[in-house]
2 protein chains.
Amino acid sequence: MSTHPRQFAGVTRLATRMKGLKPSAVREILKVAESPEVISFAGGLPAPELFPVEAFAEAFAQTFAKEGAAALQYGVTEGFGPLREWIAARLARQGIKATASEILITSGAQQGLDLVGKVLLDPADRVVVEEPTYLAAAQVFHGYQAELVGVPGDDQGMRVDELPAVLGPAAPALLYVVPEFQNPSGTSLDPQRRQRLVDWAATHQVPVLEDDPYGELRFEGVSRTPLAALTDEGVIRLGTFSKILAPGVRLGWVHARAELIKRLTVAKQFSDLHTSTLNQRAVSRLLETFDLEGHLAKLRRVYRERRDQMLQGLEAGMPAGTRWTRPEGGLFLWLELPPGVDDEAVFRAAVSRGVAPVPGSPFFHRVEHRFLRLNFSNQSRERIADGIQRLGEVVTEAASTASGR
Amino acid sequence: MSTHPRQFAGVTRLATRMKGLKPSAVREILKVAESPEVISFAGGLPAPELFPVEAFAEAFAQTFAKEGAAALQYGVTEGFGPLREWIAARLARQGIKATASEILITSGAQQGLDLVGKVLLDPADRVVVEEPTYLAAAQVFHGYQAELVGVPGDDQGMRVDELPAVLGPAAPALLYVVPEFQNPSGTSLDPQRRQRLVDWAATHQVPVLEDDPYGELRFEGVSRTPLAALTDEGVIRLGTFSKILAPGVRLGWVHARAELIKRLTVAKQFSDLHTSTLNQRAVSRLLETFDLEGHLAKLRRVYRERRDQMLQGLEAGMPAGTRWTRPEGGLFLWLELPPGVDDEAVFRAAVSRGVAPVPGSPFFHRVEHRFLRLNFSNQSRERIADGIQRLGEVVTEAASTASGR
């Protein structure tokens, strides 16, 4: 219990967990980048012109026509049965053993992160994250007053071999990883490292939280086995419809062993009772008839073209000393600035030139100002070409200033 | 940090906050009562036959037709602007000063409870609740490891005059109250007590959490001033569309001072990013043309008829020594059993007779087995007549056994 003097509502004394929690730096940046004349590579938005609006409209219309009031009533916390069945079957196609009782429907994958934190984390518990890591996951762990331990990543994802040195003998409470097309780096975890990670987790009895929002968006290269397919226990897996259908319906899921799903369900019960009955039923109905494979093929084609456009622009316009990842899927690539060039300075200069990257520093637990995250899913090829050209000019100028030329 | 031996996922060591948190007793009871041959007074469900299904269908169709992809994209955490405006205007009609910047859209009022707990409560903080109180609110406060302090209620709501004696000199972190048609008791807080409560909160600088899911459902008597209308600060107010439109869209709101709304928004950001863009836009569109006043008039008329049917049945069938509240609105009434009759024994006997009340004991912080909660919104008058007759027989038998006759 805090001993601070208590103040009144509005300026009320806050819970300890809120200290130092600020609005997401990236979301604040997004506000700057929102102006339509700015070419934004800042958000993590899927391409709205590819949302299957008509299929959604038809599915909602059918849901009202055929299910009526049942689609508007309270529902069970675990989620709508047929949707849980669909997800379990989809996971089975990815080599993951899953039954409907091992699926909890959540209000987006973000709620999955929050519920896992709620159920597993006490203050001062250690959580392993990648360096850099997904910002909104780090926020959740900070919110549960966990201690974040960063493990460096490279072009092949988390340096799993570094775990013992970074952690010492005591096991952490949780390990969080985005193995496919990581946010922010775009890298995928190497197959051998995956096996090593799962083995390490089993040896030390550490639950692994595998966050996979982008896995269905692989546009080249060979699919890699999900962590949850490498072991029958120890992996808690998050998924979402946000990137394969649309984020505005807020539908995601947690896959975990049934005992843990029961605990997560209790936590969800007091968090928001359940996820929208209507949205669950309408999306379940949509999936009965929608050509999801055709839709995914289209997403992959368009996102690949956009990534290629971005890579081509970077090749043409970035000064020597700049490096970037070449993601085989997902929404983001990750750019390392030339020596002496600061991410936030580049961000400010770029916005004044009408283009918005995201500075990389908020994604690090350590102090690290050499990176930018670039989203390629949310702009046309023309605007990507234009924006990357401007960004190249900004970085080239900053590099020449930094090198004293 | 816990010192328990760590176990693996599925049987993982849980956070301290989860200890003793069980699935809601009432939700478990609801599963028993779900069978269609049981006449259930157990749930808190609004009447689905009164949901404006066609208006919803039309609003969703229009939203897809006119807003297209924008209705399916990510949105801001605070919520959809026009919906926040509508809520602020509605509050103004109730005498509550509110601007859109003082409204946060939530995934049902339950999420409002959770976010307030997240932002305000540290372990061992004291939270004042009524005895009896709303179970899912108590669950939230337990989840934040708060210490619940019960203040007795009577037919006029919380005994505000008891606060000093119950609390002693130290101020609690929060006071939680459902002033209109309380769940479970159906009582409304007396106007003088409202003023006294607000004055007490100002003197002691205690934020008051006013939960008002049922206030629009007054079917007789004089409207009472909301706590938030009695003061410009100190009250955090929760509202919801669940009881006036439908719960399946999961739309509620928090009204509080803008500084606190900002903190709640940060907490929501890492809890689930934002509430469904689609549902917010569709309901906002629905409210532009829907005859809400006519709809509320219908709800009030039907619920009043059902309440009257229940009161009439109780009058005819309950043995001497049974008392019940006569709520002027809402969904529930509260029945005190004759001396020596146990709520859980009555529940079991009633279910075997095809009728399901809710035992009152879970709603108490203290041990108290003399009450039942009866919901009157979710059954037809015919089924209410039949169910209350059976319940009367069960209670009559139990009372005669208890009195040794």
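Buried area here is the accessible area, taken with a 1.4 Å probe, that two parts lose on being put together, summed over both. By that yardstick, about 8,000 Å² is buried between chain B and chain A, with carbon and sulfur atoms giving 60% of it. The model is a predicted one, so local features need pLDDT of at least 70 and side-chain atom pairs count only at pLDDT 80 or more, while totals for chains, interfaces and linings use all residues. Residues are numbered from 1 along each chain as its sequence is written, chains are lettered from A and ligands numbered from 1 in the order in which they are written, and side-chain values use heavy atoms, with hydrogens and water left out.

On to how the two chains sit together. A turn of 180 degrees with a shift of 0.0 Å along the axis lays chain B on chain A, and the RMSD is 0.0 Å (least-squares superposition on the C-alpha atoms of residues with pLDDT of at least 70 in both copies). The two copies are thus related as by a two-fold rotation axis. Contact means heavy atoms within 4.5 Å, and on that count chain B and chain A put in 94 residues each. Of the interface residues of chain B, 100% are also interface residues in chain A, so the copies meet through the same surface.

Next, what holds a place in that interface. The rule for a salt bridge (a side-chain nitrogen of Lys or Arg within 4 Å of a carboxyl oxygen of Asp or Glu) finds six of them across the interface of chain B and chain A. In one salt bridge, the side chains of Asp125(A) and Arg13(B) meet at 2.6 Å, N to O. Polar contacts are pairs of N or O atoms within 3.5 Å; within protein, one must be able to donate a hydrogen and the other to accept it, and residues adjacent in sequence count only if both atoms are side-chain atoms. The interface has 33 residue pairs in polar contact, both residues at pLDDT 80 or more. Several helices of chain B each supply at least two residues of the side that touches chain A, among them H1 (25-33), H2 (53-67) and H9 (258-272). Helices (H or I, at least four residues) and strands (E, at least two) are DSSP runs, numbered from the N terminus. H9(B) gives the largest share of that side, nine residues. By class, the side of chain B that touches chain A comes to 47 nonpolar, 29 polar and 18 charged residues (nonpolar: Ala, Val, Leu, Ile, Met, Phe, Trp, Tyr, Cys and Pro; charged: Asp, Glu, Lys and Arg; polar: the others, Gly among them).

Then there are the sheets. In chain A, four strands form an open antiparallel sheet in the order E10-E11-E14-E13, where two strands pair if DSSP finds at least two bridges between them. Its edge strands are E10 (323-324) and E13 (358-359) of chain A, each pairing on one side only. Two bridges join E10(A) to E11 (residues 332-336) of chain A, and Arg323(A) stands opposite Glu336(A). In chain B, two bridges join E13(B) to the antiparallel E14 (residues 371-375), with Pro359(B) opposite Leu372(B).

A few backbone oddments round off chain A. The peptide bond from Glu131(A) to Pro132(A) is cis, with omega near 0 degrees, and Pro132(A) sits in the loop between E3 (126-131) and H5 (135-143). Another cis bond runs from Asn183(A) to Pro184(A), with omega near 15 degrees.
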